[in-house]
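Here is a short tour of one protein chain, from a covered helix to a few long-range pairs. Keep the structure open while you read.

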Amino acid sequence: KFAGSHTGLAIADKLETLTNGWAIDKQKIHLLMRDSGANMVRGCKDAGINSEGCFIHKLQLIINDSSQSQRTVSDMISTARRIATHFNHSSLACSKLIEIQQELNMERKKIIQDVQTRWNSTFYMLERLLHLRRCVTIYLTENSSLTNLTNNQWDLLQSVLELLRPFEEVTKLMSNTESIISEVIPTIAILKRYLLSHKIEQLYGVGTMKESLVTGINKRFSDVESKNYYTISTILDPRYKTYFFSSNLISDEIKKVVLGKIKDTCSTTDEAETREDEDDESLAAIQKRARINETTDSSTNSTFTLWNCYNDFVTPSTSASSISGLKNDILHQLELDTYYGMPIIDKKADPVEWWSRHREKFPDLINLVRQFLSSPATSVHSERLFSEIGNIYVDNRSRLNSENAEKLLFIHHNLNKINYEY
């Protein structure tokens with residue numbers, strides 16, 4: 001229960017209450033993933049907890065800004081939204097649309113209404129309208145009270161879908177329960193490469209929107225390569241390593257930071273060894289990540305997808321360089337060089353499962369892996385709890401108090417982690 005205004009001070013007090021209630025030492029909190037609200041930023045800072053903004057929330061702001069930056073795009077979306085609203089508010093219109101689909105021997109589909117706080121719902125709305133363009137046009141021809149999209153707007157709609165398709169792939173991938181923070185830097189690099197590709201230059205009427213997307217990404221993710229949460233997790237992910245950093249100079253600097261982190265970690269080896277069996281068991285027990293394999297199949301309307309750009313970064317001709325000139329600790333250096341020299345794994349593979357199999361080969365690196373590959377990339381996981389609590393707070397449970405509701409939510413969310421064995 002959170003009574004009163006959600007000010008930064010109130011959020012800080014609530015965080016203190018939660019950490020004390022769960023007996024969590026704040027020094028052991030590696031990172032708290034939050035939205036970009038000023039009150040959340042202030043609350044985490046006042047509570048003394050390291051925090052970062054949600055990747056998906058930033059992406060939402062970037063795409064919203066870009067769609068508003070070009071008047072023709074915003075007008076097209078507004079017209080499309082009015083059409084979708086008409087069909088969603090009129091059962092008669094829906095019935096007539098289904099009749100038209102049957103006459104044309106098309107599969108029965110409904111118009112999707114978007115939710116403006118979720119940019120990808122707008123994408124799906126436009127995609128469905130394009131799919132039903134012929135049916136919608138026939139209906140609107142017989143119902144002159146509603147304005148149809150012009151031919152130029154239909155062409156623009158198709159270009160917008162093409163432009164934003166990789167962003168939709170990214171949104172689905174990063175919203176996955178198993179996504180981790182190491183995916184942020186590679187995803188940003190891939191999106192930049194995609195937006196600067198020759199394919200995008202050929203799209204009709206979205207030049208201003210494309211430039212706004214590039215500007216927004218550069219602005220909102222300008223500092224990711226200066227934060228250890230992102231850089232060290234990326235370099236420790238065997239799918240990415242050093243391939244996606246903006247320059248070799250940055251890669252070399254991050255390698256030095258990793259080496260320093262290893263030395264700091266090894267200074268507490270005696271204490272860590274007392275928990276070694278427990279830590280190894282917890283690492284191996286992590287559920288194998290169910291990667292969203294269908295993301296590459298979602299772009300059936302386009303042969304140029306997000307993963308074409310991924311392959312540009314990790315072509316066989318590219319090789320990761322090893323550290324040179326840092327000979328202070330031969331064993332640490334040898335372990336790092338061995339890891340950097342190994343080939344990267346498939347982009348859909350599970351990095352935690354890979355480290356679980358190789359932990360004996362990298363006894364020093366594994367301690368960093370447990371820390372830096374533990375953070376999610378987004379706050380989507382916590383936001384889904386609001387949907388879960390909605391299934392618990394129902395009309396016939398009007399006497400359910402907040403304390404019991406919290407316990408039920410905890411059980412509902414975590415029972416699957418022990419395979420429902422209790």
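Helix H12 spans residues 228–235, and 7 of its 8 residues are buried. In this predicted model, the helix is mostly covered. The buried residues are Tyr-229, Tyr-230, Thr-231, Ile-232, Ser-233, Thr-234 and Ile-235. What covers them? Their cover includes strand S2 (51–53) and helix H9 (184–195). Helices H13 (248–266), H17 (330–341) and H19 (365–372) are also among the covering elements.

Follow the chain on from H12. Lys-241 sits in the loop between H12 and H13. Its phi is near 50 degrees, a positive value in a residue other than glycine. Most residues other than glycine have a negative phi. Lys-241 is buried, with a relative accessible area of 1%.

Asn-105 also has a positive phi, of about 55 degrees, although it is not a glycine. Asn-105 lies in the loop between helix H5 (91–103) and helix H6 (119–131). Is Asn-105 buried or exposed? Asn-105 is exposed, because its relative accessible area of 74% is over the 50% cut-off.

**The whole chain**

The protein has 21 helices and 2 strands. Of its 422 residues, 44% count as buried. The protein exposes about 22700 Å², and carbon and sulfur atoms supply 49% of that area. Now take the contacts with a sequence separation of 6 or more. Residues 24 or more positions apart account for 73% of them.

**The nonpolar cores**

In soluble globular proteins, nonpolar side chains tend to be buried together. Here the largest nonpolar core has 93 residues. Which members touch the most other members? They are Phe-167 and Val-258. The largest share of this core, 10 residues, comes from H8. Apart from this core lies another, of 6 residues. Ile-11, Leu-15, Cys-44 and Ile-49 are among its members.

Look at Phe-167 in detail. Leave out residues up to four places away in sequence. Phe-167 then touches Leu-59, Ile-63, Trp-119, Leu-191, Leu-195, Leu-213 and Ile-217.

**A helix crossing**

Two packed helices are described by the angle between their axes and the distance between the axes. Take helix H4 (residues 71–89) and helix H8 (residues 151–174). Their axes come within 10 Å and cross at roughly 100 degrees. H4 and H8 are therefore roughly perpendicular to each other. By class, the contact of H4 with H8 has 5 nonpolar, 3 polar and 1 charged residues. On the H4 side, the contact residues are Thr-72, Val-73, Asp-75, Met-76 and Thr-79. On the H8 side, they are Gln-153, Leu-156, Leu-157 and Val-160.

**Pairs apart in sequence**

The table lists four residue pairs by their separation along the chain and by the distance between their C-alpha atoms.

| Pair | Separation in sequence | C-alpha distance |
|---|---|---|
| Leu-61 and Gly-216 | 155 residues | 8.4 Å |
| Ser-197 and Cys-309 | 112 residues | 8.9 Å |
| Lys-28 and Ile-49 | 21 residues | 9.6 Å |
| His-131 and Ile-111 | 20 residues | 9.7 Å |

Start with Leu-61, in helix H3 (residues 55–69). Its relative accessibility is 26%, and Leu-61 counts as partly exposed. Its partner in the table is Gly-216.

Ser-197 is found in the loop between H9 and helix H10 (198–201). Why does Ser-197 count as buried? Its relative accessible area is 11%, and the cut-off for buried is under 20%.

Where is Lys-28? Lys-28 is in the loop between helix H1 (8–21) and strand S1 (32–34). Lys-28 is exposed, with a relative accessible area of 70%. Its partner in the table, Ile-49, belongs to the core of 6 residues.

His-131 is in helix H6. At 43% relative accessibility, His-131 counts as partly exposed. Set aside its neighbours within four places in sequence. His-131 is then in contact with Met-106 and Lys-109.

How values were computed
Residues numbered from 1 in each chain as written. Predicted model: local features only at pLDDT ≥ 70, side-chain atom pairs only at ≥ 80, totals over all residues. Heavy atoms only, no water. Buried < 20%, exposed > 50% of the residue type's maximum accessible area, 1.4 Å probe, protein only. Helix = DSSP H or I, 4+ residues; strand = E, 2+ residues; numbered from the N terminus. Contact = heavy atoms within 4.5 Å. Areas by Shrake-Rupley, 256 points an atom, 1.4 Å probe, with all protein chains shown as cover. Axes fitted to C-alpha atoms, helices over the stretch in contact; angles between N-to-C directions. Parallel < 35°, antiparallel > 145°, perpendicular 65-115°, else oblique. Nonpolar A, V, L, I, M, F, W, Y, C, P; charged D, E, K, R; others polar. Core = buried A, V, L, I, M, F, W, Y, C linked by side-chain atoms within 4.5 Å.
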